[in-house]
Amino acid sequence: MMRRFWSSVENSGINAGASHCCSCSKKRESNDDTINWFQAVVHLLKGNIGSGLLSLPLAFSHAGTLVGPLAMSILCFISLVCINLLLV
């Protein structure tokens, strides 16, 4: 998918008037530095869920025993509704 995206960007002529003095405008020689969709999903999950799990105990200690679980339930419901809207 990323390969199709970059080939469409290169063929669109976006950098037609730009000088080729920086390394970012060079074409890639190999596909060694690309990732597939599964690796991209894993990186997104690590970045979003990982930091949330690390900060969750501190958030619960600041919120308390009543407000913490209540707020978590409300936020989980909102998250599920948003995911449902995105998928449907």
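Here is a short chat about a predicted model of a protein chain.

Visitor: What is the mean pLDDT of the least confident helix here?
Guide: Start with the whole chain, which averages a pLDDT of 77, with 64% of the residues scoring at least 70. Confidence is highest in α3, at 92. At the other end sits helix α1, residues 2-11, where confidence is lowest, with a mean of 55.

Visitor: In what order do the elements of the protein chain run from the N terminus on?
Guide: There are zero strands to place, just three helices. Going from the N terminus, that gives the order α-α-α.

Visitor: How do α2 and α3 count by their angle: parallel, antiparallel, perpendicular or oblique?
Guide: Helix α2 covers residues 37-63 and helix α3 residues 67-87, and their axes are 7 Å apart. The angle between them is about 125°. Roughly perpendicular stops at 115 degrees and roughly antiparallel needs over 145. The pair falls in neither range, so α2 is oblique to α3.

Visitor: Which residues of α3 meet α2, and how many residues in that contact are charged?
Guide: On the α2 side you've got Leu56, Phe60 and Ala63. They meet Val67, Gly68, Pro69 and Met72 in α3. By class, the contact has six nonpolar residues and one polar residue, and the number of charged ones is zero.

Visitor: How many disulfides does the count come to?
Guide: In general, a disulfide is a covalent bond between the sulfur atoms of two cysteines. To be counted here, a pair of cysteine sulfur atoms has to lie within 2.5 Å. By that rule the count is zero.

Visitor: Are Cys76 and Cys82 buried, exposed or partly exposed?
Guide: Buried would need under 20% relative accessible area, and exposed over 50%. Cys76 comes in at 39%, and Cys82 has 41%. Both values lie between the cut-offs, so Cys76 and Cys82 count as partly exposed.

Visitor: What share of the 88 residues counts as buried?
Guide: A residue has to be under 20% relative accessible area to make that list. Across the 88 residues of the protein chain, the share that does is 1%.

Visitor: Where is Ile35, and which residues does Ile35 touch?
Guide: Ile35 sits in the loop between α1 and α2. Its relative accessible area is 42%, so Ile35 is partly exposed. Leaving out residues up to four places away in sequence, Ile35 touches Ala40 and His43.

Technical notes. Residues numbered from 1 in each chain as written. Predicted model: local features only at pLDDT ≥ 70, side-chain atom pairs only at ≥ 80, totals over all residues. Heavy atoms only, no water. Axes fitted to C-alpha atoms, helices over the stretch in contact; angles between N-to-C directions. Helix = DSSP H or I, 4+ residues; strand = E, 2+ residues; numbered from the N terminus. Parallel < 35°, antiparallel > 145°, perpendicular 65-115°, else oblique. Contact = heavy atoms within 4.5 Å. Nonpolar A, V, L, I, M, F, W, Y, C, P; charged D, E, K, R; others polar. pLDDT = per-residue confidence, 0-100. Buried < 20%, exposed > 50% of the residue type's maximum accessible area, 1.4 Å probe, protein only.
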